[in-house]
Amino acid sequence: MQDLPRPDPDPVVQAYKKDIDRTLIRENLKLTVEERFRKAMALAKFAEELRRAGREARRRRG
Amino acid sequence: MTDFDALLTTLWRHDVAFIVVGGAAAIAHGSARFTQDLDLVYLRTAANLDRLAAALADHKPYLRGVPPGLPFIWDAATLARGLNFTLVTSLGDIDLLGEIPGGGTYEELLADAVELQVFRTRCLCLSLAQLIRAKRAAGRPRDLEALAELEAIEEEGG
């Protein structure tokens, strides 16, 4: 793919960029690609467990 | 939960030609954002459709979001009749894309794609520059936030 010049920065993207947690990015960049995928899968597993716990809590509350 | 390890290994073992795109490609480049599926652009030759159909055949592929029980035959002929397939499988969710906005087809993406050595396999993935171009072209609100992170990764030397 041809390397085209970058368009002018999108103000919305620039606004989002201010809130990016760069410490997370720097930590991820220290990992291998495989470690990044394993971390993402662990996060997904944790999210799934939280959803399950939330469903159970709502059921108990009636 | 999508098992990236198992899905990539299965596709690699069947010698499927594909390029990892989307959120999984962003993870490969250092993104901290959450993704629930594996997005791929696949080569649409007859031989590759056969390999792709065989690779996922044992993993119960079915159209995601479609009520269960509707007739869906998973084979190369079905792949040839469509372009993009959003699937649920026993290994997790996978999106098979014939092309992507801002990037094009497998053949068009191939020259700039990067090789990943991951999970004892080798596979191709969009380069960070390609991923940024694709997100910019997609232009959906959620892509703008992802784009901000990808540009930050680039600035951090990713």
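Okay, let's start at one small spot: F119(B) sits in the loop between strand 8 and strand 9 of chain B. Before I go on, this is a predicted model, where local features need pLDDT of at least 70, side-chain atom pairs count only at pLDDT 80 or more, and totals for chains, interfaces and linings use all residues. Residues are numbered from 1 along each chain as its sequence is written, while chains are lettered from A and ligands numbered from 1 in the order in which they are written. When I say helix or strand, I mean DSSP runs numbered from the N terminus: H or I with at least four residues for helices, E with at least two for strands.

Back to F119(B). Its phi is near 50 degrees, which is positive even though the residue is something other than glycine. The loop here is a hairpin, with 2 residues between strand 8 and strand 9 of chain B. Is F119(B) buried or exposed? In between: 19 other C-beta atoms lie within 10 Å, so F119(B) is partly exposed. The cut-offs, with C-beta atoms placed from the backbone, are 20 or more other C-beta atoms within 10 Å for buried, 12 or fewer for exposed, and partly exposed in between.

Now the two strands on either side. Strand 8 and strand 9 (residues 121-125) of chain B run antiparallel, and 5 bridges join them. Pairing, by the way, takes at least two bridges found by DSSP between two strands. One of the bridge partnerships puts Q117(B) with R122(B) in strand 9.

Zoom out and you see the sheet. Chain B has an open sheet of 7 strands with mixed pairing, in the order 3-4-5-2-1-9-8. Which strands stand at the edges? Strand 3 (62-63) and strand 8 (114-118) of chain B do; each has a single partner strand, so one side of each is left without a neighbour in the sheet. As a reminder, strands of a sheet pair through backbone hydrogen bonds, either parallel or antiparallel.

Let's walk in from the strand 3 edge. Strand 3 and strand 4 of chain B run antiparallel, joined by 2 bridges, and Y62(B) stands opposite V88(B) in strand 4. Strand 4 then pairs with strand 5 of chain B, antiparallel again, over 5 bridges. Here T89(B) is opposite G92(B) in strand 5, and a hairpin of 2 residues connects the two strands.

Strand 4 (residues 85-89) of chain B is a nice one to look at for its side chains, which alternate. F85(B), L87(B) and T89(B) point to one face and are buried, whereas T86(B) and V88(B) point to the other and are not.

Just before strand 3 there's another positive phi. K60(B) is in the loop between helix 3 (46-57) and strand 3 of chain B, and has a phi of about 50 degrees without being a glycine. K60(B) counts as exposed, with 12 C-beta neighbours inside 10 Å.

What lies across the sheet strands? Helix 1 (residues 4-13) of chain B lies across strand 1 (18-21), strand 2 (37-42), strand 5 (92-97), strand 8 and strand 9 of chain B. Against strand 9 of chain B, helix 1 runs at about 95 degrees; axes are lines fitted to C-alpha atoms, for helices over the stretch in contact, and angles go from 0 to 180 degrees between N-to-C directions.

Taken whole, chain B has 7 helices and 9 strands. Its radius of gyration, taken over C-alpha atoms, is 15 Å, close to the 15 Å from the globule rule for 158 residues, so chain B is as compact as a globular protein of that length. That rule is 2.2 Å times the number of residues to the power 0.38. Of those 158 residues, 43% count as buried.

Finally, the partner chain. 23 residues of chain A are in contact with 27 residues of chain B, contact being C-beta atoms, placed from the backbone, within 7 Å. Helix 1 (11-17), helix 2 (22-29) and helix 3 (33-61) of chain A each supply at least two residues of the side touching chain B. Helix 3 of chain A gives the most, 10 residues.

One last residue: P9(A) is in the segment before helix 1 of chain A, and counts as exposed with 10 C-beta neighbours inside 10 Å.

Key
Two residues are in contact if their C-beta atoms, placed from the backbone, lie within 7 Å.
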